[in-house]
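Here are my notes on the model you passed along. I've kept them as numbered points so you can go through them with the structure open.

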Amino acid sequence: MPDSHAARPTSHLKKAAVLCAASALTLAGALPAAAADKDKNDKPPASMSQVGGAQLGKPGTQVNLQGGAPVLPKDLTAKSWLVADAESGEVLASHNAHWQLPPASTLKMLFADTVLPKFPKTTTHKVVPSDLAGMGAGSSLVGVKEGFTYSVHDLWLGVFLRSGNDAVHVLSAMNQGVAQTVKDMQAHADELQAGDTHVVSPDGYDMPGQHSSAYDLTLFARSGLHKKDFREYAATPTAEFPMKQKKGKTTKHFGIQNTNRLLTGSLGLPAYKGIAGVKNGNTTNAGSTFTGVAERGNRVLLVTVMNPKAKESQAVYKETARLFDWGFQADGKVSPVGHLVGPRSETPAGAASPSSGDAGPAKSAAHAAVSGGSSGVGIALAIVGGVLVVLAGAVFVVRKKWPLRITKG
């Protein structure tokens with residue numbers, strides 16, 4: 001399967017509840033992680049990028065335990081992973097952080113961070129055949145139809161919840177086409193100092209030469225979480241998508257569910273306490289990939305996991321949950337192995353080199369004023385907390401509660 005992380009569109013004539021139930025087995029993480037490389041001798045490069053700190057450029061597991069610190073989980077099989085404090089940017093531990101690997105649909109975080117600000121969510125677009133041209137065989141789809149008129153809000157729900165490559169291609173068409181969108185994404189990755197990332201397709205579909213890293217994917221998530229709409233879409237477990245239209249007006253919807261298993265819980269995997277996004281993916285070359293953000297107590301963590309080799313079902317989510325648990329337990333008991341760098345344009349002249357061994361930017365006491373407001377999309381479960389990241393020079397300032405009202409449904 002070239003891209004199995006989201007359900008293929010089933011019959012649009014089914015009722016929403018039936019559609020969600022019928023597609024449950026094809027949601028992200030329901031199948032064991034696909035092997036990205038059958039070679040048992042596959043190893044990370046001996047020397048990798050040192051952006052964020054020299055220790056991050058070393059192969060293998062990097063952690064600096066202090067007295068009383070919990071040991072890392074022993075049952076981690078991912079080729080690469082990273083645990084970072086979303087507020088300070090400190091990397092608490094990592095494993096092959098800068099290994100350049102296929103990203104699958106976690107690359108959609110960069111797509112959203114790049115394109116989302118360009119169109120108001122109320123903007124509408126009528127889909128023409130050329131909008132959907134060029135999608136890879138077996139792409140994950142939300143069910144966009146030619147001739148239908150969609151709001152930008154509809155399309156972003158399709159991207160975030162169902163990882164729909166069809167929605168990505170329509171938004172790319174609105175952004176002067178796939179080629180221009182790829183160019184824009186690469187420019188934004190460069191601005192974020194995500195030097196491990198080479199963009200070939202906007203949707204993360206397996207393409208020769210396309211790669212990213214656990215470090216870069218974490219940068220994309222952190223940058224995206226600056227944006228209110230990004231946060232809300234990433235934290236939305238269920239929504240409705242147009243199924244029938246008459247004269248460009250939607251007359252019937254069908255239900256869609258977020259493919260992020262730690263957000264929704266399914267097939268024996270509970271929703272993770274404190275989870276609030278971000279994005280999952282699965283392709284033949286990438287295996288399963290995931291970046292998540294969660295809050296517990298006074299700590300907000302970002303965790304990225306790429307291509308677990310374990311054969312257990314939903315391994316990418318289980319290993320992510322173990323790393324979240326470890327990170328929350330390790331609060332104040334580890335010395336950082338590096339830090340998440342800020343964007344180039346926000347780095348003051350004369351700042352320390354991003355490849356230095358500096359642990360990262362200090363926390364700031366400043367807080368930006370924010371306003372409340374929800375997306376209006378029904379949310380089916382409680383989510384504890386969240387994170388609003390505000391750039392201030394090279395320092396990331398975080399409010400512990402983002403302006404997103406979370407309700408039980």
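1. A word on burial to start with: buried means under 20% relative accessible area, exposed over 50%, and partly exposed in between, using a 1.4 Å probe and protein chains only. By that yardstick proline 208 is exposed, since its relative accessible area is 72%. Proline 208 sits in the loop between α5 and α6 (214-224). Its C-alpha atom is 9.2 Å from that of proline 102, although the two are 106 residues apart along the chain.

2. Some ground rules. This is a predicted model, where local features need pLDDT of at least 70 and side-chain atom pairs count only at pLDDT 80 or more, while totals for chains, interfaces and linings use all residues. Residues are numbered from 1 along each chain as its sequence is written, and side-chain values use heavy atoms, with hydrogens and water left out.

3. The overall picture: the protein has nine helices and 14 strands. Helices (H or I, at least four residues) and strands (E, at least two) are DSSP runs, numbered from the N terminus. Of the 409 residues, 56% count as buried. Taking contact to mean heavy atoms within 4.5 Å, 71% of the contacts between residues at least 6 apart in sequence join residues at least 24 apart.

4. Now to the aromatics. Rings of Phe, Tyr and Trp (its six-membered ring) pair if their centres lie within 6.5 Å; planes under 30 degrees apart count as stacked, over 60 as edge-to-face and the rest as tilted. A search of the whole structure turns up ten aromatic pairs. In one of them, phenylalanine 111 and tryptophan 156 have ring centres 5.4 Å apart and planes at 45 degrees, so the pair is tilted. Phenylalanine 111 belongs to helix α2 (residues 108-115) and tryptophan 156 to helix α3 (residues 152-162), so the pair ties together parts that are 45 residues apart in sequence. Both partners are covered: phenylalanine 111 is buried at 0% relative accessibility, and tryptophan 156 is buried at 1%. They also belong to one aromatic cluster made up of Phe111, Trp156, Phe160, Phe230 and Tyr233.

5. What about the two helices that carry this pair? In α2, eight of the eight residues are buried. In α3, eleven of the eleven are buried, so that helix is largely enclosed by the rest of the structure. Right after α3 comes serine 163, with a positive phi near 55 degrees.

6. α2 also packs against helix α5 (residues 178-191), at an angle of about 95 degrees and with the axes 9 Å apart. Axes here are lines fitted to C-alpha atoms, for helices over the stretch in contact, and angles run from 0 to 180 degrees between N-to-C directions. That makes α2 roughly perpendicular to α5, given that angles under 35 degrees count as roughly parallel, over 145 as roughly antiparallel, 65 to 115 as roughly perpendicular and the rest as oblique. On the α2 side the residues that meet α5 are Leu110, Phe111, Asp113, Thr114 and Val115; on the α5 side they are Thr181, Asp184, Met185, His188 and Ala189.

7. On to strand β8 (residues 275-283), where nine of nine residues are buried. Strands pair if DSSP finds at least two bridges between them; β8 and strand β9 (residues 287-296) share seven and run antiparallel. The two form a hairpin with three residues between them, and asparagine 282 stands opposite serine 288 in β9. Please look at the peptide bond from glycine 277 to valine 278, which is cis, with omega near 20 degrees. Valine 278 is in β8.

8. Two serines have polar side-chain contacts (a pair of N or O atoms within 3.5 Å; within protein, one must be able to donate a hydrogen and the other to accept it, and residues adjacent in sequence count only if both atoms are side-chain atoms). Serine 139, in the loop between β4 (124-126) and β5 (149-151), is buried at 4%, and its side chain contacts that of asparagine 165 at 3.1 Å. Serine 266, in the loop between α8 (261-264) and β8, is buried at 16%, and its side chain contacts that of arginine 261 at 2.4 Å.

9. Finally, where do positive phi values turn up in loops? Glutamine 193, in the loop between α5 and α6, has phi near 65 degrees and is buried at 9%. Lysine 247, in the loop between β6 (238-246) and β7 (249-257), has a positive phi of about 55 degrees and is exposed at 81%.
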